[in-house]
Each structure stands twice: as C-alpha cells, then as structure tokens.
Amino acid sequence: MKMRLALLGFLTVALSACSTPKVMKEPTILAPVESSVTLKKNWQFKTESMPNKDSEGLFFAEDSTYVYAASTQGHLVSLLKSEQGRWMDQVAWQTKFASQIVSGPAKSGNQLIIGTAKGQVFSVAADTGQIGWQTQLSSEVMSHAVISDQKVFTRTVDGNVYALSLKTGEIVWTAAHQMPSLSLRGSPPVVVYDNTLFIGWDSGTIQALSAKSGALLWETRVAVPKGRTDLERMVDVQAGLVIKQDRLFALGYHGKLVSIDPRTGNFYFVNEVSGYRDLAVDDSHLYVVDDRDILHAFDLVSGAPVWKQTAFKGRLVGDLLLSQGELLVVDAWGYLHWVNPIQGIESSRFKHSNEYGDGNRILRIKAEGNTLTVLDDEGVIT
C-alpha cells in the first residue's frame, strides 16, 4: 500500500538579493530505491535566502487554519493552509521587524513569540500580526521559546536563561551559565517537564532548574573537553533534549549519548556517540545521527545498539524526525529519505525542488499527519 503525503507551502512578500554560495560536491551516488511514498506539491512561495547559521532557531507554528513562519531578514507571516491559487491571497498578514529574526515563532493561544539577533523577544497577535509586548534581553535570542504555565522560557547566546511573563513580557527570573570561548552556533530550546527546566549547554553539561524560581536542582556532564585547540575541545550539547517515558535523553558533540533520571541527574545508560543534530524517539527506540552522518538506533530502555546505517555518510544530514511510523532523514542536497525504523533500511526517497532548481539544502521540516512543510536555504517554503 502506498503512503501518500501532501506538501504544504507559503511565502513572505519581501524578496532579497541573490547570493552565490560555494557549491558543495555530493559525496556519493545514492543507490536506487523503489519508493513507496508519493508526494503531491500543494504550493510553494519564496522568502529571502536563509543562511544556515541563522536558521537553527526558526520553526513552523500552526493552528487549524494558518501556518506561521519567520525569516532571518525580519519578516513574520501568517498564511492560510489551504491553497488559494495566488500567493497574494495566501498571506493573511505580514509584519516586518527592524532586526533579524533568529528564533520562533512559538505559539500559545493567540500569541506568537519570536526572538531577534539584537536580543529582543516579541509577542505578536496571531490573528492580526500586531505587536503586543517587547522585552530586551542580554544578547542574541537564538533559542526557540518554550511556553508553559503562563511563562516564556528562552535563553541567549551569552549563557543566560530567562523566564518571562507570557502576559506582559516582564522578566520573572534569570539564571546565568559560564560559556566556553568557542562553540557551535545555535542554542537548542529548553525542555520543561514536571515543573523543571532542562538545559543542554555548550560546556558539555546538562542542568535542571526550578521552572518556578530558576534555582539549580542538579548538574551533570555528558562531554569532557579534550585536545589542544578550542576546536578540538568543543563539547556542545547542541542536539535538543528529549523527554520520553520519564527519562531525559541527551547527545553531546565530542561527547556521549545518555539516558538520565530527570529527578536526580543520575545516568541510566551512557553510549560513546558524538553528534549535534536533533534525535528522534518512539516508544521503543532512540534514533541518532552522529557527527559522521551515520544513523544509529538504540533500545530506549537499555541503550543497546539495534542497527547502524552508513549509507548517508558525508551527506550533512539534518535533524531527525518521525513521520507516519517511518524515520525521516533530510540531507544537504535536498533529498528526503524514509528509513524503516526496525531494520534501518531506506524505503523511499524524494528530491525536493522549487522554481529556482533542485538540490537546495533543507533547513527545517515539519511533519503533521500526511502533510510535510519544508524550508530550504533559498528561503522557499513548500
């Protein structure tokens, strides 16, 4: 039986000047795959080109009628999910900000939360695009906001964590962390679970803070700096933390894959894996891409290896996610790969394209039912 997925897309109104990045050479020729997935393109629109270094904090938000997205050039847009025929009819509203948007939007009720390169956090009305409140933080807000218990939790690139009032934007509390001299660009979002905030740091540590006060509850290390140079000693916990079955999972660059008791910080298991892309979790397995673009599956409880897939080595694999029971893998040459989560074998493949060509690197992908929403580095959302 063939699985049919529809692709949804939209575009902001503003266009930017074209750049000519260095063309990357594809590392290997992919083996043929008889795909069981078919894709129907609903619509596409073009925003500004999106530098990869500034896109890590950008996510899609949505409700039953609209999809919301931001661009690094400062545009926040609301677009109808249903195809309207003309791109100008797709746009419900658009708001332009003076600063680069580097995180968000996150949605709660009728509020959208975004962060900027100048350290500002904005609340925007989801129905009109009107700015509600604005709060100035200490530095760039590249971390996608997390909203819980009427608070906005986010972090800045200088090592500060903030809890803001969702209603007013007032700073409720701040916690600081010492940052290393060199780290990967990007700040993964915090995780809120059981009135606790969990944060993976560029120093290779994970902290648990009280969501109410910001007080430190525990701290543990998943990577130890080694080597002579700052580059060799980078130990970022850049992959997003995941809570599943009352366990906290974390992956460190030049570090380890760990399963942690969220109440105490004690380890359930530790595996020697280094990576920085977001991992995926289902009810029985943990899926990881390491820093050589090799895929791994581990048993969720014991951490025992289940399978390893080397076919994507060197393809600059993006964050992993699950879609309709399959592991969805994207790479820097615009391919979407569906991988059987039990065997680790590629079952389907599709090359993303737009009116400017194909092979554009996929920066962000969201799976919702039988719909995929894709953002590539040309700023095309499909």
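**Group meeting: a walk through two sheets and a few single residues**

Let me start in the middle of things. Strands E14 and E15 pair in the antiparallel sense, with five bridges between them. This is a predicted model, so please keep that in mind throughout. One pair to look at here: valine 152 sits opposite leucine 164 of E15. Between the two strands there is a hairpin with four residues. In that hairpin, glycine 159 takes a positive phi near 100°.

Now step to the other side of E14. E13 and E14 are also antiparallel, this time over three bridges. Valine 146 faces phenylalanine 153 in E14. The hairpin of E13 and E14 has two residues between the strands. One residue there deserves a stop: aspartate 149, in the loop between E13 and E14. Its phi is near 55°, which is positive, and the residue is not a glycine. Is aspartate 149 buried or exposed? At 61% relative accessibility, aspartate 149 counts as exposed.

On to E15 and E16. Strand E15 covers residues 160–165, and five bridges join it to E16, again antiparallel. Alanine 163 has tryptophan 173 of E16 as its bridge partner.

Put those pairs together. What is the order of the strands in this open sheet? The order is E13-E14-E15-E16, four strands with antiparallel pairing. Strand E13, residues 146–148, and strand E16, residues 171–176, stand at the edges. Each has a single partner strand, so one side of each is left without a neighbour in the sheet. On average, neighbouring strands here are turned by 20° against each other, direction ignored.

Back to E14 for a moment. How many of the five residues of strand E14 are buried? Five of the five, so E14, residues 151–155, is largely enclosed by the rest of the structure. A reminder helps here: in a regular strand, side chains alternate between the two faces of the sheet. In E14 both faces are covered. Lys151, Phe153 and Arg155 are buried on one side, and Val152 and Thr154 are buried on the other.

Next, another sheet. This open sheet has four strands too, in the order E17-E18-E19-E20, with antiparallel pairing. Its edge strands are E17, residues 191–193, and E20, residues 216–221, and each pairs on one side only. Neighbouring strands in this sheet are turned by 20° against each other on average, direction ignored. Inside the sheet, strand E18, residues 196–200, is joined to strand E19, residues 205–210, by five bridges, and the two run antiparallel. Phenylalanine 198 stands opposite alanine 208 of E19.

The loop between E17 and E18 holds asparagine 195. Asparagine 195 has a phi near 60°, a positive value in a residue other than glycine. At 62% relative accessibility, asparagine 195 counts as exposed.

Some single residues now. Threonine 116 lies in strand E10, residues 111–116. Its relative accessibility is 0%, so threonine 116 counts as buried. Which side chain does threonine 116 join in a polar contact of 2.8 Å? That of glutamine 120. Leave aside neighbours within four places in sequence, and threonine 116 is still in contact with several residues, including Ser99, Ile101, Phe122 and Val141.

Then valine 37, in strand E2, residues 37–41. Valine 37 is at 11% relative accessibility and counts as buried. Follow the chain for 313 residues and you reach phenylalanine 350; the C-alpha atoms of the two are separated by 8.2 Å.

One peptide bond to point out. From glycine 104 to proline 105 the bond is cis, with omega near 0°. Proline 105 lies in strand E9, residues 101–108.

Now the whole chain. It has one helix and 37 strands. Of its 382 residues, 57% are buried. Take contacts between residues at least 6 apart in sequence: 49% of them join residues at least 24 apart.

Last, the empty space. Rolling a probe the size of a water molecule over the atoms shows where such space is left. The count comes to three cavities of 30 Å³ or more. The largest has a volume of about 120 Å³. Which residues are closest to the centre of the largest cavity? Of the 14 residues that line it, they are Glu56, Pro188, Pro189, Gln238 and Asp278.

Terms used:
Residues are numbered from 1 along each chain as its sequence is written. This is a predicted model: local features need pLDDT of at least 70, side-chain atom pairs count only at pLDDT 80 or more; totals for chains, interfaces and linings use all residues. Side-chain values use heavy atoms; hydrogens and water are left out. Two strands pair if DSSP finds at least two bridges between them. Axes are lines fitted to C-alpha atoms, for helices over the stretch in contact, and angles run from 0 to 180 degrees between N-to-C directions. Buried means under 20% relative accessible area, exposed over 50%, partly exposed in between (1.4 Å probe, protein chains only). A polar contact is a pair of N or O atoms within 3.5 Å; within protein, one must be able to donate a hydrogen and the other to accept it, and residues adjacent in sequence count only if both atoms are side-chain atoms. Contact means heavy atoms within 4.5 Å. On a 1 Å grid over the protein atoms alone, a cavity is a set of points where a 1.4 Å probe fits but cannot get out, and a pocket is an open set with protein on both sides within 12 Å along at least five of seven lines; lining residues have an atom within 4 Å of a point. Grid points are joined across faces, edges and corners, and a volume is the space filled by probe spheres set on the points.
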